[in-house]
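User: I am new to this structure and would like to learn how to read its features. Can we start with a contact between two helices?

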Amino acid sequence: MGKTSDLTAVQKTIIDTLHKEGKTQKVIAKEAGCSQSSVSKHINRQAKGRKKCGRKKCTSSRDNRTLQRIVTTNPFKNVGEIHKEWTAAGVSASRTTTRRLMKDMGFRCRIPCVKPLLNMKQRKKRLAWAKDKKDWTDAEWSKVMFSDESKFCISFGNQGPRVWRKSGEAQYPRCMRSSVKFPPSVMVWGAMSSAGVGPLCFLRSRVNAAVYQEVLEHFMLPAADQLYGDADFTFQQDLAPAHSAKTTSTWFKDHGIPVLDWPANSPDLNPIENLWGIVKRRMQYARPNNAEELKTTIRATWALITPEQCHRLIESMPRRITAVIEAKGAPTKY
């Protein structure tokens with residue numbers, strides 16, 4: 001028979017249960033398989049609570065609430081700035097104490113999520129689009145070929161300032177930073193469906209309507225043959241100027257390809273964005289020395305995407321639409 005500290009979780013549960021039923025310590029010890037003194041010490045400890053030891057805390061509950069308010073109000077400040085503001089409020093604590101208390105409160109220093117800014121008009125259109133598509137089945141979404149451009153840089157280290165947040169706060173507006181579409185960089189065009197991915201196109205110049213139609217002719221059509229064969233499909237694209245140009249619309253009509261209507265600034269609805277994320281995460285430790293090595297790495301990583309991964313992403317479309325409806329058109333976690 002062991003000491004009180006040797007009691008297992010099961011033994012402690014048995015002791016607590018039988019004690020509540022009014023059993024004697026002798027009976028409890030026999031049922032729990034431990035000494036009577038262990039039972040007595042456990043019951044007394046539960047009743048009185050263990051006395052805390054160690055040095056007295058240098059901050060009060062009020063000081064801690066002040067710290068939490070500072071972090072919540074200014075989540076993009078670093079520890080030094082937060083500590084300076086906290087001590088300016090009359091609190092006497094070290095920078096190490098500041099960091100430790102922030103950690104105890106559940107704050108972790110993380111890279112902020114990036115979401116596009118949406119005005120009320122765009123939110124209403126997103127909500128209307130989601131309500132219109134909420135009854136679409138997986139079979140209907142599997143007939144959609146999703147496409148998008150993405151930028152790839154030789155270095156992936158420049159991720160911007162970090163943000164202090166708690167678990168579950170990644171999508172809070174105060175913990176996110178806004179992005180600007182199409183920053184100056186090398187762009188890659190790709191397409192996917194539930195059957196897999198199509199060939200990549202590396203864009204060498206600024207994408208206007210003429211360049212985009214060349215991409216459609218030499219990369220989208222072969223991708224359609226590869227992923228759908230002779231079956232019908234619907235093409236998805238965002239509302240970039242080259243995509244919504246009249247000549248581009250005419251190109252689709254001439255080729256008999258229907259285009260899915262799409263709300264503005266809605267990358268969270270496009271599953272290919274998740275594929276770009278997978279590729280970039282797999283490439284985060286790659287360090288190509290020039291553009292050609294970068295292209296080779298992108299092609300090799302893109303080729304590792306499996307049809308199963310694509311199928312799972314397509315199956316997420318109903319959940320994405322539900323999330324948009326619940327958010328009333330606001331950006332979602334996807």
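Analyst: Begin with the residues that touch. Leu313, Ile314 and Glu315 of H14 are in contact with Met317, Pro318, Arg319 and Arg320 of H15. By residue type, this contact of H14 with H15 has four nonpolar, no polar and three charged members. Keep in mind that this is a predicted model.

User: At roughly what angle do the axes of H14 and H15 cross?

Analyst: The axes cross at roughly 35° and come within 4 Å. H14 covers residues 307-315, and H15 covers residues 317-326.

User: Which residues of H12 are buried?

Analyst: H12 runs over residues 272-282, and its buried residues are Ile272, Leu275, Trp276, Gly277, Ile278 and Val279. The next step is to look for what lies over them. The cover includes three strands, S3 (144-151), S6 (187-193) and S7 (196-197), together with the helices H13 and H14.

User: How do I read a salt bridge, and how many does the structure hold?

Analyst: Side chains of opposite charge can pair when their charged atoms come close. The structure holds seven salt bridges. One of them joins the side chains of Glu85 and Lys77, with 2.7 Å from N to O. Glu85 is partly exposed, because its relative accessibility is 29%. Lys77, at 28%, is partly exposed too.

User: Where do Arg100 and Asp104 sit relative to one another in helix H6?

Analyst: Arg100 and Asp104 are four residues apart in H6 (residues 95-104), so about one helical turn separates them. Their side chains form a salt bridge at 3.6 Å, N to O. Arg100 is partly exposed at 44% relative accessibility, whereas Asp104 is exposed, with a relative accessible area of 56%.

User: Is Lys295 buried or exposed?

Analyst: Lys295 is buried, with a relative accessible area of 17%. The side chain of Lys295 meets that of Glu292 in a salt bridge of 3.8 Å, N to O. Both residues belong to H13 (residues 291-302), where they lie three residues apart, about one turn of the helix. Elsewhere, salt bridges with shared partners link Asp132, Lys133 and Asp261 into one network.

User: What about disulfides? How many does a search of the whole structure find?

Analyst: A disulfide is a covalent bond between the sulfur atoms of two cysteines. The search of the whole structure finds zero. For a given cysteine, check the distance to the closest other cysteine sulfur. For Cys113 that sulfur belongs to Cys175 and is 8.9 Å away, which is too far for a bond. Cys113 is partly exposed, at 22% relative accessibility.

User: How far is the nearest cysteine sulfur from that of Cys153, and which residue holds it?

Analyst: The nearest is the sulfur of Cys201, 18 Å away, and Cys153 is in no disulfide. Cys153 has a relative accessible area of 34% and is therefore partly exposed.

User: Last, how do I read a database annotation, and what does UniProt place at residues 65-133?

Analyst: Treat the annotation as a label from a record, then describe the same stretch from the model. An unreviewed UniProt entry lists the feature "domain: Transposase Tc1-like" at residues 65-133. Over that stretch the chain is 62% helix and 7% strand. The C-alpha atoms at its two ends are 45 Å apart.

Technical notes:
Residues are numbered from 1 along each chain as its sequence is written. This is a predicted model: local features need pLDDT of at least 70, side-chain atom pairs count only at pLDDT 80 or more; totals for chains, interfaces and linings use all residues. Side-chain values use heavy atoms; hydrogens and water are left out. A salt bridge is a side-chain nitrogen of Lys or Arg within 4 Å of a carboxyl oxygen of Asp or Glu. Buried means under 20% relative accessible area, exposed over 50%, partly exposed in between (1.4 Å probe, protein chains only). Contact means heavy atoms within 4.5 Å. Axes are lines fitted to C-alpha atoms, for helices over the stretch in contact, and angles run from 0 to 180 degrees between N-to-C directions. Ala, Val, Leu, Ile, Met, Phe, Trp, Tyr, Cys and Pro count as nonpolar, Asp, Glu, Lys and Arg as charged, and the others, Gly among them, as polar. UniProt positions are given in the numbering used here, feature names are shortened, and annotations may be inferred rather than shown by experiment. A disulfide is a pair of cysteine sulfur atoms within 2.5 Å.
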